Amino acid sequence: MQSPQTIADLCALGGLCADRRGIPPRNRPVKPPSAAFARLFEAVQEGVYIGTIGPESTATIAANPHLKLMFGYPSEASEADVRPFDCDHFIDPPARLALLERLAGDGSVTDYLLRMRRADQSAVWVEVTAAADAPSADGSIRIEALVRDVSERKKLDDETRDIYHQLLQAEKMAALGQTISGVAHELNNPLATILSWAERLSQRNTLEEPVRRGLETILSESERAARIVHSLLTFARKRQTTRAMVDVNQVVRETLALRAYEQRVSNITVIDALAAGLPPVFADGYQVKQVLLNLVINAEQAMLSANGRGVLVLRTWYDAKHESVNLEINDDGPGIADEVQPKIFDPFFTTKEVGKGTGLGLTVAYAIVQEHGGRMRLESRANVGASFYVELPVTGGNLPPAPASAPRARRDGAADKATSASVLVVEDEAALASAVAAALRDAGYLVEHASDGRAALGMVRAQAFDAVICDLKMPRLDGKAFYRTLSAAAPALARHVIFVTGDVAGTEAEAFLEQSGCRWLAKPFRLGELLRTVREVLT
Ligand SMILES: Nc1ncnc2c1ncn2[C@@H]1O[C@H](COP(=O)(O)OP(=O)(O)OP(=O)(O)O)[C@@H](O)[C@H]1O
Ligand SMILES: [Mg+2]
């Protein structure tokens, strides 16, 4: 960088975006002496480049020490060897062509953002401000450029954008959650009725074959619908959960064990990289397993449908900064296109054929992770594969209080036997009430029905009952108010109340159920479950 010619070029940098014919701008201050420019060239904390860029190659006239540093060249490298605009420095080759076109067309660029590679191949984001001469016959262009490393700023921008997208996603989910929980709740009663009737009828011994087949189909399809409703309520934070200290690695192993056979026969290789010594997280192990299963099954399906084989990598590690246990589920499948990514966690977004996917797997996973105070995100490029990251906080400090689980019915295996106990069914849904009443009568109970709390109070005053099965939401007098009055009037019977309800976790109803200590079942429930609970309450 000593020849007068180069110094003169450097002087030209003072008017980087000036006229390419070299007409000096008017009123330009008197130039400092060349030695001062030379010192500036050596010391300035910006990359300075003067040279020629051609369609295939470049030739450097001058490159200052900061440019060498920025692109990872040794400080002793000769300026001619520092060629940051060579093709192999561009991560995205079309970006180089676009830059050349801009320089040829406009004669300059200002703060032109490029993703480039250093000498050691690591990525660096730079902004280029350059003035260019008119292209020569072979298409090469002489430029004078300032190059600024903006990697740090870009990283911050990206992080801000990530946070913004996460907020947007959370908001979208919250709004959808409300609507969906309403719809799911409305579906619970009819589903509970269909399930109850189908279950009851299919237990008959005298059915003709086509009738039996039909009933089995009704039963299995309504169970499928019930599972969908269940997923929707999980998404809408309406699922009971039990949290405890959970070893995430153990959950990963259990989940993989569940999929091991399928994976073996379908050409999926699994690599697990589970960090030793992970702290336990305060979580619902069952739900964490559900998150993992949903992600693992998605990855398997994606890899198989694209390549008929695949490699699944599961990684866990502890992030001390965020005090979280992190999981990565990575596949080498088709990846997820950029334009699809914003929709990926939305309910019912699926690319699978009808009947193959409901589009709820990721929605539910996202909701569960969020409910645990954690975060979930996706990184993917089309044709390269996808990585889903799950972050679970170790302390669980900011969690909403975990709703208690419903007391579990003991499975003693005893057959339902005839009993003369009398049961009052308090339920405003006539169809469901009659299905439940019929099943109880089948099991030998004497059954009465009241269509709301007020009617029920009248009946318990007039007649003795051994147990009450009661809905929570009812017109006139709801389950809660009925129970309060009953507790005062007939405390012994109040201890034999079983609630059935569609809305539980995170609601007032849940606090009430917990406080009352009563048994309760979530709709839609199975008849067997109800009968077992009645038996247990009566013994
Ligand atoms: N690892 C992956 N690779 C590629 N695409 C994926 C991956 N995981 C999810 N997807 C895409 O995201 C969509 C939504 O996934 P999601 O799990 O929510 O629903 P689904 O798998 O289609 O249905 P289901 O309700 O049975 O889970 C999928 O249909 C698929 O297109
Ligand atoms: Mg899925």
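1. A point of vocabulary before we start: a residue is called exposed if 12 or fewer other C-beta atoms lie within 10 Å of its own, and buried if there are 20 or more. Arg476 has 12 other C-beta atoms within 10 Å, so this residue counts as exposed. Arg476 sits in the loop between β15 and α12, and its phi is near 60 degrees, a positive value in a residue other than glycine. Please keep in mind throughout that this is a predicted model.

2. Another backbone angle to look at belongs to Asp111. This residue is not a glycine, yet its phi is positive, at about 45 degrees. Unlike a loop residue, Asp111 is found in a strand, β3 (residues 108-117). Asp111 is exposed too, because 10 other C-beta atoms lie within 10 Å.

3. Now for the overall picture. The protein chain has 15 helices and 17 strands. Of its 539 residues, 35% are buried. Among the contacts with a separation of 6 or more, 66% are between residues 24 or more positions apart.

4. Where is the largest nonpolar core, and which residues have the most contacts inside it? The core has 50 residues, and the best-connected ones are Val423, Val425, Val426, Val436 and Ile469. Helix α5 (residues 151-202) gives the most to this core, namely eight residues. Apart from this core lies another, of 37 residues, which includes Ala283, Val369, Met376 and Val390. As general background, nonpolar side chains tend to be buried together in soluble globular proteins.

5. Val423 is a good residue to click on if you want to see the larger core from inside. Leaving out residues up to four places away in sequence, Val423 touches Leu440, Tyr445, Val447, Phe465, Asp466, Ala467, Ile469 and Val534.

6. Next, the parallel sheet. Five strands make an open sheet in the order β14-β13-β15-β16-β17, and their pairing is parallel. The edges are β14 (446-450) and β17 (519-522); each has a single partner strand, so one side of each is left without a neighbour in the sheet. From one strand to the next, the twist averages 20 degrees. Within the sheet, β15 (residues 467-471) and β16 (residues 497-501) pair in the parallel sense over four bridges, with Val468 opposite Val497 in β16. Helix α12 (residues 479-489) packs on this sheet, where it touches β13 (422-426), β15 and β16, and its direction makes about 150 degrees with that of β15.

7. Is Ala494 buried or exposed? Ala494 counts as buried, because it has 20 C-beta neighbours inside 10 Å. This residue belongs to helix α13 (residues 491-494). Setting aside neighbours within four places in sequence, Ala494 is in contact with Tyr483, Leu486 and Ser487. Cys518 is 24 residues away along the chain, and 8.4 Å separates its C-alpha atom from that of Ala494.

8. Please also look at the mixed sheet. Here five strands form an open sheet in the order β7-β9-β10-β12-β11, with mixed pairing. At its edges stand β7 (268-274) and β11 (375-381), each with a single partner strand, so one side of each has no neighbour in the sheet. The twist averages 15 degrees from one strand to the next. Strands β9 (residues 310-319) and β10 (residues 324-331) run antiparallel and are joined by eight bridges; Arg315, for example, has Glu328 in β10 as its bridge partner. Helix α7 (residues 248-265) lies across β7, β9, β10 and β12 (385-393), running at about 170 degrees to β7.

9. What surrounds ligand 1? The shell has 21 residues, and the closest are Ala302, Thr350, Gly357, Gly361 and Leu362. By class, nine are nonpolar, ten polar and two charged. Helices α8 (285-307) and α9 (361-371) each supply at least two residues of this shell, and α8 gives the largest share, four residues.

10. One last detail for your inspection: the peptide bond between Lys523 and Pro524 is cis, with omega about -5 degrees. Pro524 lies in the loop between β17 and α15 (527-538).

Conventions:
Residues are numbered from 1 along each chain as its sequence is written. Chains are lettered from A and ligands numbered from 1 in the order in which they are written. This is a predicted model: local features need pLDDT of at least 70, side-chain atom pairs count only at pLDDT 80 or more; totals for chains, interfaces and linings use all residues. A nonpolar core is a set of buried Ala, Val, Leu, Ile, Met, Phe, Trp, Tyr and Cys residues joined through C-beta atoms within 7 Å. Two residues are in contact if their C-beta atoms, placed from the backbone, lie within 7 Å. A residue is near a molecule or strand if its C-beta atom, placed from the backbone, lies within 6 Å of it. Ala, Val, Leu, Ile, Met, Phe, Trp, Tyr, Cys and Pro count as nonpolar, Asp, Glu, Lys and Arg as charged, and the others, Gly among them, as polar. Two strands pair if DSSP finds at least two bridges between them. Axes are lines fitted to C-alpha atoms, for helices over the stretch in contact, and angles run from 0 to 180 degrees between N-to-C directions.
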